[in-house]
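This report looks at how a protein chain and an RNA strand are placed beside each other, and then at the aromatic rings of the protein. Please have the sequence and the model at hand while reading.

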Amino acid sequence: MSDNSKVRTRFAPSPTGYLHLGSIRTALFCYLFAKSKSGQFVWRLEDTDQERFVSGAEAQMRQVFDWLGIAPDEGPEIGGEFGPYRQSERLKLYQRFAHELVDQGLAYYSDLNQAVIEEAKLKAKQDKRSFVFRGEDFDRQLGDNRANVPIRFRMSKVVGDTVTWKDSIRGEQTVNLSTIEDFILIKSDGYPTYNFANVIDDHLMQVSDVIRAEEFIASTPKHQLLYQSLGFAVPNFLHLPIVLGEDKKKLSKRSGASDLMLLKHQGYLPNAIVNYLALLGWNPGSTQEVFSLSQLVAAFNPKSLQVSPAIYNQERLDWFNTQHLRMLGMQELVEVFKPLIKDYFDPEWEASRNFLSNPDDIAYLERILTVEKDKITNPKQYIDKIYFLYRRPKFDQTVLDRFDLDKADFEVVVERLLAVLESNQDWEKGELINLVKGFIKSSGLSTKFVMMSLRASLTSQLGAMGIYDIMVLLGRQESLARLNQALEE
RNA sequence: GGCCCCAUCGUCUAGAGGCCUAGGACGCCGGGUUUUCAUCCCGGAAACCGCGGGUUCGAAUCCCGCUGGGGUCACCA
C-alpha cells in the first residue's frame with residue numbers, strides 16, 4: 001500500500017475520558033502526515049467498551065479538533081463514505097468477519113471459565129515463564145448455545161514461527177508466534193475487542209498509514225495475523241514515541257496541563273500548542289521554531305520523527321505561546337483576554353456579572369493591551385499583574401516592606417510628588433514624564449527611589465507595567481486618590 | 001519476570017565515519033537598552049555524545065555486551 005495518491009490516516013480514540021496532550025499530539029501527527037500528502041484525516045470513535053464509556057467525551061473531542069484547527073475529513077457527525085464512524089454502530093460488520101474466521105477454522109468460540117485461565121496464569125508466574133493462552137490445552141465441547149460466548153483467534157492455524165512487519169520509523173520488527181495467545185476477537189457482550197475492530201475498520205475505511213502511539217507496538221503482531229487471515233492488504237505502520245510528564249512518568253491527568261481546555265482557559269493559543277506539540281518529537285530540518293499549522297503541513301516529513309520518548313516542558317510551551325501572542329492583532333488579543341478577565345472577576349465580584357458587556361470595559365481593556373501588547377508572556381499571570389488597574393489595592397506597612405522603603409522618607413516624597421502632580425490638569429503621558437523628571441532633578445533624589453515610591457503608592461506591588469502608563473490608565477482622579485491613601489496609612 | 005522499544009546539555013533537538021575542540025532553541029546566570037516594570041539586545045555556564053569492548057587511518061555516528069529508562073503481557077483501548 002504505497003500508493004501516495006491515496007494517503008489516509010486515522011485517529012481512533014476511545015471515548016473514555018478527556019484527551020490529554022499525548023493523544024492530541026498523536027492526532028496532530030496523523031493530521032500533518034495526511035495533509036502533507038494531500039490525503040485525508042479520519043476520526044473514528046472506538047466505543048466498544050460499554051463499561052468505561054463516558055458520555056460527553058465525543059463532544060469534547062470534537063471541541064478539541066475545532067479549537068486546534070485539526071479538522072477531520074470524516075468522522076461521527078461529520079460523515080463520510082466509509083461510515084458509520086462509531087464502532088458501536090458497526091457491530092454486525094465485526095460479527096460477519098468473525099464468523100467468517102470461525103467457518104474457516106481460524107477462530108473458535110471459547111466459553112472457558114475465567115477462573116481456569118487465571119489458575120494457569122498463576123502457575124506460569126510461579127514457574128517464572130510468561131503465560132500464553134492456547135485453546136488447545138483447554139479444549140472442550142460446546143453445546144448449541146453460542147450466545148454470550150466469546151470468539152478467540154486460533155493461533156495453531158497460523159503457519160510459520162514469526163510475524164514480521166515494517167514500522168515506518170523503527171524499521172523491521174519481528175515477533176515470535178509463541179508469544180502470542182489465542183486472543184479474543186468478539187467479547188461475550190457481542191462487542192469486538194480493540195484488536196479486531198481496529199483491523200476491520202482500518203481496512204474498510206481504506207486507511208493507508210496507521211499512525212498511533214508506541215504502546216500499541218505490542219499488539220501489532222496480532223493485527224498482522226488478522227490482516228493475513230482476513231486476506232486484507234497490510235497498511236503502513238508508524239508508532240510514535242510517548243510523551244512523558246515533567247516527572248518523567250507517562251503523561252496523565254495529574255501531570256498538570258494535560259487537559260487542553262484548562263490550557264485554553266489560561267490563555268494558551270491553539271497555534272502555540274500545535275506548534276509546541278509538533279516540535280516535541282519532530283524537527284523541521286531547519287532551525288525554524290515558530291510555525292503556523294499550515295506551515296507545519298508544508299514542512300512536515302515523517303522521516304524526522306523522533307523514536308525516543310519526549311518530556312513535556314511547560315516553560316517551552318510558554319515561550320511558543322509568547323511567540324504566537326505577538327502575532328495577534330488587537331481584536332484577537334482582546335478576545336483572548338476577555339474570558340480571562342471575566343473569569344478572574346466573576347467569582348469575587350458579583351457586580352461584575354455584566355463586566356465586559358459594557359463597551360467602556362472593552363475599550364479600557366483595549367487601552368491596556370495597546371500599551372502592553374509586546375510585553376505579555378503569560379496571559380493568566382498577566383491578569384494578576386494588572387489587577388490593580390481594576391480595583392484599588394489596600395495599602396499598608398507590608399507594601400513598604402516589600403519595596404524596602406523607609407516610611408518617613410516615603411511619606412515626604414509622596415507628599416511633595418502629590419503637590420507637583422495636583423497642579424497638573426492635563427494628565428497626559430508626555431506631560432507626566434516631564435513633571436516627574438523635573439521633580440527628580442530639582443529634589444536631588446534618586447530616580448529609583450522616586451519611581452519605587454510612586455509604584456508602591458499606585459499599585460502596591462512589584463513589577464507591573466511602566467509607571468507613566470499606569471498613571472494614564474488610572475486617570476488623574478484615581479492616581480491622586482491612591483497617592484493620598486498611601487499618605488494616610 | 002517474559003517479549004518488545006529506546007538512550008546527545010536540566011528539557012526539546014541538530015548530527016546519517018572525517019565539516020564536532022558536538023550546533024540551535026527553552027530555561028538558568030551575567031551585562032546592555034529602558035532615569036521605574038516588563039519587553040528587547042548581547043554574552044556565559046551547561047552534554048568528555050549512558051558504560052565497556054570491538055570495526056576503522058579516523059566513531060556521537062557501524063557491530064557486540066552491559067546498564068538505565070519506557071512499553072506491553074485484559075472479554076481496556
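Of the 55 residues around RNA strand B, which come nearest? In this predicted model, they are R170, K187, G281, N283 and K437. The surface near RNA strand B divides into 18 nonpolar, 16 polar and 21 charged residues, and of the atoms of the RNA that lie within 4 Å of the protein, 74% belong to sugar or phosphate, the rest being base atoms.

Polar contacts to RNA strand B include the three listed here, each with a different protein residue.

| Protein atom | Atom of RNA strand B | Distance |
|---|---|---|
| Q173, polar side-chain atom | phosphate oxygen | 3.5 Å |
| E315, backbone N or O atom | sugar or linking oxygen | 3.3 Å |
| R455, polar side-chain atom | base oxygen | 2.7 Å |

Two or more residues of the surface near RNA strand B come from each of α4 (114-126), β11 (310-311), α10 (314-325) and α17 (447-459), and α17 gives the most, with four residues.

Q173, whose side chain contacts a phosphate oxygen, stands in β6 opposite W165. Strand β5 (residues 162-167) and strand β6 (residues 171-176) run antiparallel and are joined by six bridges, forming a hairpin with three residues between the strands. Along β5 the side chains alternate, in that V163, W165 and D167 point to one face and are buried, whereas T162, T164 and K166 point to the other face and are not buried.

The aromatic rings form a second theme. The count comes to 17 aromatic pairs, and one of them joins F97 and F232 in an edge-to-face arrangement, with 5.6 Å from centre to centre and 80 degrees between the planes. F97 belongs to helix α3 (residues 91-103) and F232 to the loop between α6 (220-230) and β9 (236-240), so this pair ties together parts that are 135 residues apart in sequence. Both F97 and F232 are buried.

The rings of F337 and Y382 have centres 6.0 Å apart and planes at 80 degrees, so this pair is edge-to-face as well. F337 lies in helix α11 (residues 330-345) and Y382 in helix α13 (residues 379-390), and the pair thereby links distant parts of the chain, 45 residues apart. F337 is buried, with a relative accessible area of 1%, and Y382 is buried too, at 6%.

Elsewhere, ring pairs link F11, Y31, F41, W43 and F65 into a cluster. F97 also has a charged neighbour, for the charged end of R96 sits over the F97 ring, 4.7 Å from its centre.

Technical notes. Residues are numbered from 1 along each chain as its sequence is written. Chains are lettered from A and ligands numbered from 1 in the order in which they are written. This is a predicted model: local features need pLDDT of at least 70, side-chain atom pairs count only at pLDDT 80 or more; totals for chains, interfaces and linings use all residues. Side-chain values use heavy atoms; hydrogens and water are left out. Buried means under 20% relative accessible area, exposed over 50%, partly exposed in between (1.4 Å probe, protein chains only). Two strands pair if DSSP finds at least two bridges between them. A residue is near a molecule or strand if one of its heavy atoms lies within 4 Å of it. A polar contact is a pair of N or O atoms within 3.5 Å; within protein, one must be able to donate a hydrogen and the other to accept it, and residues adjacent in sequence count only if both atoms are side-chain atoms. Ala, Val, Leu, Ile, Met, Phe, Trp, Tyr, Cys and Pro count as nonpolar, Asp, Glu, Lys and Arg as charged, and the others, Gly among them, as polar. Rings of Phe, Tyr and Trp (its six-membered ring) pair if their centres lie within 6.5 Å; planes under 30 degrees apart count as stacked, over 60 as edge-to-face and the rest as tilted. A charge sits over a ring if NZ of Lys or CZ of Arg is within 6 Å of the ring centre and within 35 degrees of the ring normal.
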